Amino acid sequence: MSYRRYLNEIWQLLYPQRECPACGAAVSRPGLCPACRHRSQSLHRCALCGTFGESTAAICPECREYRPLFAAAYAALPYEGRLRELLLDFKYNNQTYHRRTLAALLLAAWQDWQPPYRIDAIVPVPSSAARLEERGYEHTQLMAELLAEELGVPLEGGWLFRIKDTPPLHDLPRQQRFAQMRGSMGASPQVRGKRILIVDDIWTTGATALACSSALLEQGAEAPLLLTCAAGATW
Ligand SMILES: [Zn+2]
Ligand SMILES: [Zn+2]
């Protein structure tokens, strides 16, 4: 563990931070404040990819055009405001203690979602080797393991892996993200016949979801579910 990350963790043990990840209000336990939970429950989402829409259509234009490979996806909240800052700190600034807040956010989203079937395992989206080395921790795994504990489902960190390193994708236009991610993931043969919940921090364009889903399906998994803390795309 890096020195900064260690200090952050100690500080959190001494002075536990209890803020709503969406608005920053003080909360008594990790997770959303009642107002933000209500907002998350009342937002309109695409029934397939879970991204947020202004229109009342059940399915977003993107999913109508390209039917997803996964069964369904869901995001807790839009990628904006305090949640955006918190996710950036969690991912890039050693603030790994946010895992408790983010796992609580994911758990509430899972309960609100009521997805179409039970799951056999939770699998976090793996970072590329270069990113992982730079950061020193697998941020998705840190959230996913707490969620797995809460749901009483095994966490299978090795079932999805990178087979090709991709450059940072956040500045790339949509088509290039899809091109970069194509064939970037592999899956273990152990996924055969399994119903898997993939966990990631942010849904950006769906390129990662596509790469993970196709790797799992290729090894015989059922069409997976996908849960994220936030979604950046709107329609
Ligand atoms: Zn709030
Ligand atoms: Zn959609």
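Let me start with Ala230. Leaving aside neighbours within four places in sequence, Ala230 is in contact with Ala75, Ala76, Leu77, Pro78, Tyr79, Leu83, Leu87 and Ile202. One caution before going on: this is a predicted model.

Where does Ala230 sit? Its place is in strand S6, residues 225-231. Ala230 has 25 C-beta neighbours inside 10 Å, so it counts as buried. Take one of those contacts, Leu87. Ala230 and Leu87 are 143 residues apart along the chain. Their C-alpha atoms are separated by 8.9 Å.

Now the core. The largest nonpolar core has 63 residues. Ala230 is among those with the most contacts inside it. The others on that list are Ala73, Leu106, Leu147, Val199, Cys212 and Leu227. Which helix gives the most to this core? Helix H5, residues 99-113, with eight residues.

Leu227 is worth a stop. Not counting residues up to four places away in sequence, Leu227 touches Tyr74, Leu106, Ala109, Trp110, Leu197 and Val199. Leu106 and Val199 also appear on the list of residues with the most contacts inside the core.

Next, H5 against its partner, helix H7. H7 covers residues 139-151. The two helices pack at an angle of about 50°, with their axes 8 Å apart. That angle makes H5 oblique to H7. What is the hand of the crossing? H5 passes H7 in a right-handed crossing.

Who meets whom? From H5, we have Arg99, Arg100, Leu102, Ala103, Leu106 and Leu107. From H7, we have Leu142, Met143, Leu146, Leu147 and Glu150. Split by class, this contact has eight nonpolar residues, three charged residues and no polar ones.

Zoom in on Ala103, in helix H5. Buried or exposed? Ala103 is buried, with 23 other C-beta atoms within 10 Å. The cut-off for buried is 20 or more. Beyond four places in sequence, Ala103 touches Met143, Leu146 and Leu147. Those three residues are in the H7 part of the helix contact. For a longer reach, compare Ala103 with Glu19, 84 residues apart along the chain. Their C-alpha atoms are separated by 13 Å.

Ala104 also lies in helix H5. Its partners are elsewhere. Leaving aside neighbours within four places in sequence, Ala104 is in contact with Pro30 and Gly31. Ala104 has 21 C-beta neighbours inside 10 Å, so it counts as buried. What separates the C-alpha atoms of Ala104 and Leu32? The separation is 7.8 Å, with their positions 72 residues apart along the chain.

Leu32 comes up again with Arg37. Arg37 has its place in helix H2, residues 34-42. Not counting residues up to four places away, Arg37 touches Leu32 and Ala108. With 19 C-beta neighbours inside 10 Å, Arg37 counts as partly exposed. Why not buried? Buried needs 20 or more, so 19 does not reach it. Arg37 and Trp235 are 198 residues apart along the chain, and their C-alpha atoms are separated by 22 Å.

A second helix pair now. Helix H8, residues 174-181, packs on helix H9, residues 207-218. The angle is about 25°, and the axes are 9 Å apart. H8 and H9 are therefore roughly parallel to each other. Their crossing is right-handed. On the H8 side are Arg177, Phe178 and Met181. On the H9 side are Ala207, Thr208, Leu210 and Ala211. By class, that is five nonpolar, one polar and one charged.

Last topic, backbone angles. Two residues other than glycine have a positive phi here: Asn94 and Gln114. For Asn94, phi is near 65°. Asn94 is found in the loop between helix H4, 81-92, and H5. For Gln114, phi is about 50°. Gln114 lies in the loop between H5 and strand S2, 121-124.

Are they buried or exposed? Asn94 is buried, with 20 other C-beta atoms within 10 Å. Gln114 has 7 C-beta neighbours inside 10 Å, so it counts as exposed.

Definitions and conventions. Residues are numbered from 1 along each chain as its sequence is written. Chains are lettered from A and ligands numbered from 1 in the order in which they are written. This is a predicted model: local features need pLDDT of at least 70, side-chain atom pairs count only at pLDDT 80 or more; totals for chains, interfaces and linings use all residues. A nonpolar core is a set of buried Ala, Val, Leu, Ile, Met, Phe, Trp, Tyr and Cys residues joined through C-beta atoms within 7 Å. A residue is buried if 20 or more other C-beta atoms lie within 10 Å of its own, exposed if 12 or fewer, and partly exposed in between; C-beta atoms are placed from the backbone. Helices (H or I, at least four residues) and strands (E, at least two) are DSSP runs, numbered from the N terminus. Two residues are in contact if their C-beta atoms, placed from the backbone, lie within 7 Å. Axes are lines fitted to C-alpha atoms, for helices over the stretch in contact, and angles run from 0 to 180 degrees between N-to-C directions. Angles under 35 degrees count as roughly parallel, over 145 as roughly antiparallel, 65 to 115 as roughly perpendicular and the rest as oblique. A crossing is left-handed if the near helix is turned anticlockwise from the far one by less than a right angle, and right-handed if clockwise. Ala, Val, Leu, Ile, Met, Phe, Trp, Tyr, Cys and Pro count as nonpolar, Asp, Glu, Lys and Arg as charged, and the others, Gly among them, as polar.
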